Structures are given as structure tokens and as C-alpha cells.
Amino acid sequence: MLKFAVSMCIAAVAGTGLAHAADTPCQATSSSMLDHLDHGDYTGATADFNQRMKAALGADRLARMWPAVARQFGPRGAHDQATLSQVNGYAVVITPLHYGQHVIDARVVCEADGKVAGFFIKPQD
């Protein structure tokens with residue numbers, strides 16, 4: 001069984017610093033991706049991945065990994081409001097996801113055109 005206590009991480013992007021900002025292509029991409037994941041549509045979830053992400057985390061692999069989140073943490077609940085920041089030229093959208101009694105941060109990292117360059121999940125402390 002996959003352990004998600006340590007973050008699932010598919011691209012290295014350093015830095016922190018959250019700020020609220022106007023809607024961006026990454027916010028729309030992140031929201032769409034999470035909606036597809038909620039409905040088990042892994043092909044749809046990966047539709048906006050860049051080539052590197054598609055090679056690292058294709059729909060088949062995501063379909064094997066994503067259900068482990070609910071198995072480990074509990075049933076899916078609500079999504080909280082996302083925050084947006086800019087880190088090293090990338091847009092970063094963090095959306096808190098509720099699973100059972102846990103909150104997991106989903107971090108979607110995008111290039112300027114909104115293509116996903118990284119996807120990370122990490123339980124909140």
C-alpha cells in the first residue's frame with residue numbers, strides 16, 4: 001500500500017510564500033484537475049499535464065495512486081478555498097482537501113500557460 005504520510009511528489013519546485021491573487025490559468029487548471037480526481041476521471045485529471053508530468057505520472061499510474069488517499073485517510077469531503085503564489089517563475093495553487101478527519105494540501109504547480117509541471121500532496125500537521 002502506498003503511504004502518503006510523506007508527500008507524493010512529482011516535480012521539484014523550491015520555495016514558499018503564499019499570497020492571494022487574481023484568477024490565473026493555474027487556478028482553473030488546478031480546480032479542473034481536482035474535480036476530475038474527485039470523479040475518478042484520471043485521463044481528464046492529466047489532460048493539462050506538460051510532457052514531463054505525463055511521462056512521470058500518466059493516467060494509469062494516477063489511477064493506481066489516487067485511491068490510496070481515501071484508503072489511508074478516510075472518505076473524501078469538501079475542498080477549502082485555494083491559495084495562489086508565484087515561486088521561481090511558476091504559479092502554485094494549494095487547495096486543502098478534507099479526507100475523513102484529515103486535511104491534505106494538494107499543490108498544483110503550473111507553467112505560465114497553465115500546464116501542470118508538478119503535483120504534490122501532503123497531510124497538514
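These questions and answers walk through a predicted model of one protein chain.

Reader: Which element of the chain has the highest confidence, and which the lowest?
Author: The chain averages a pLDDT of 85, and 82% of the residues score at least 70. Confidence is lowest in strand β1 (residues 8–9), at a mean of 44. The highest value, 98, belongs to α2.

Reader: Over which residues is the pLDDT below 50?
Author: Where pLDDT is low, the predicted coordinates should not be read in detail. One stretch needs that caution, although it has 60 contacts in the model beyond near neighbours in sequence. The stretch with pLDDT below 50 is residues 1–22.

Reader: Which two residues does the disulfide join?
Author: A disulfide is a covalent bond between the sulfur atoms of two cysteines. A search of the whole structure finds one. Its S to S distance is 2.2 Å. The partners are Cys26 and Cys110.

Reader: How many residues apart are Cys26 and Cys110?
Author: Cys26 sits in helix α1, and Cys110 sits in strand β5. Both cysteines are buried. The disulfide thus links distant parts of the chain, with a separation of 84 residues.

Reader: Is this disulfide right-handed or left-handed?
Author: Look at the torsion about the S-S bond of Cys26 and Cys110. It is about 70°, so the disulfide is right-handed.

Reader: Which residue forms a salt bridge with Asp38?
Author: Side chains of opposite charge can pair when their charged atoms come close. The count of salt bridges comes to one. For Asp38, the closest N and O atoms of the pair are 3.5 Å apart. The partner is Arg76.

Reader: Where in the chain do Asp38 and Arg76 lie?
Author: They are 38 residues apart, so the pair links distant parts of the chain. Asp38 is in helix α1 (residues 25–38), and Arg76 is in strand β2 (residues 76–79).

Reader: Are Asp38 and Arg76 buried, exposed or partly exposed?
Author: Buried means under 20% relative accessible area, and exposed means over 50%. Asp38 has 21% relative accessibility. Arg76 has 45%. Asp38 therefore counts as partly exposed, and Arg76 also counts as partly exposed.

Reader: Which backbone nitrogen does the side chain of Asn50 reach at 2.8 Å?
Author: Asn50 is found in the loop between α2 (42–45) and α3 (51–56). A polar atom of its side chain lies 3.2 Å from the backbone nitrogen of Arg52. The backbone nitrogen at 2.8 Å is that of Met53.

Reader: Is Asn50 buried or exposed?
Author: Leaving out residues up to four places away in sequence, Asn50 touches Glu111, Lys115, Val116 and Ala117. Its relative accessible area is 12%. The cut-off for buried is under 20%, so Asn50 is buried.

Reader: Which residues touch the most other members of the largest nonpolar core?
Author: This core has 26 residues. Elements that give two or more residues to it include α1, α2, α4 (59–65) and β6 (116–123). Another core, of five residues, lies apart from it, with Val87 and Ile94 among its members. In the largest core, the residues touching the most other members are Met33, Leu37, Trp66 and Phe119.

Reader: Which residues does Met33 touch?
Author: Leave out residues up to four places away in sequence. The contacts of Met33 are then Ala45, Phe49, Val108, Val116 and Phe119.

Reader: What distance separates the C-alpha atoms of Ala56 and Gly118?
Author: Ala56 lies in helix α3. At 28% relative accessibility, Ala56 counts as partly exposed. Gly118 is 62 residues away along the chain, and the C-alpha separation is 9.7 Å.

Definitions and conventions: Residues numbered from 1 in each chain as written. Predicted model: local features only at pLDDT ≥ 70, side-chain atom pairs only at ≥ 80, totals over all residues. Heavy atoms only, no water. Salt bridge = Lys/Arg side-chain N within 4 Å of Asp/Glu carboxyl O. Helix = DSSP H or I, 4+ residues; strand = E, 2+ residues; numbered from the N terminus. Buried < 20%, exposed > 50% of the residue type's maximum accessible area, 1.4 Å probe, protein only. Polar contact = N/O pair within 3.5 Å; in protein donor to acceptor, adjacent residues only side chain to side chain. Contact = heavy atoms within 4.5 Å. Core = buried A, V, L, I, M, F, W, Y, C linked by side-chain atoms within 4.5 Å. pLDDT = per-residue confidence, 0-100. Disulfide = S-S within 2.5 Å.
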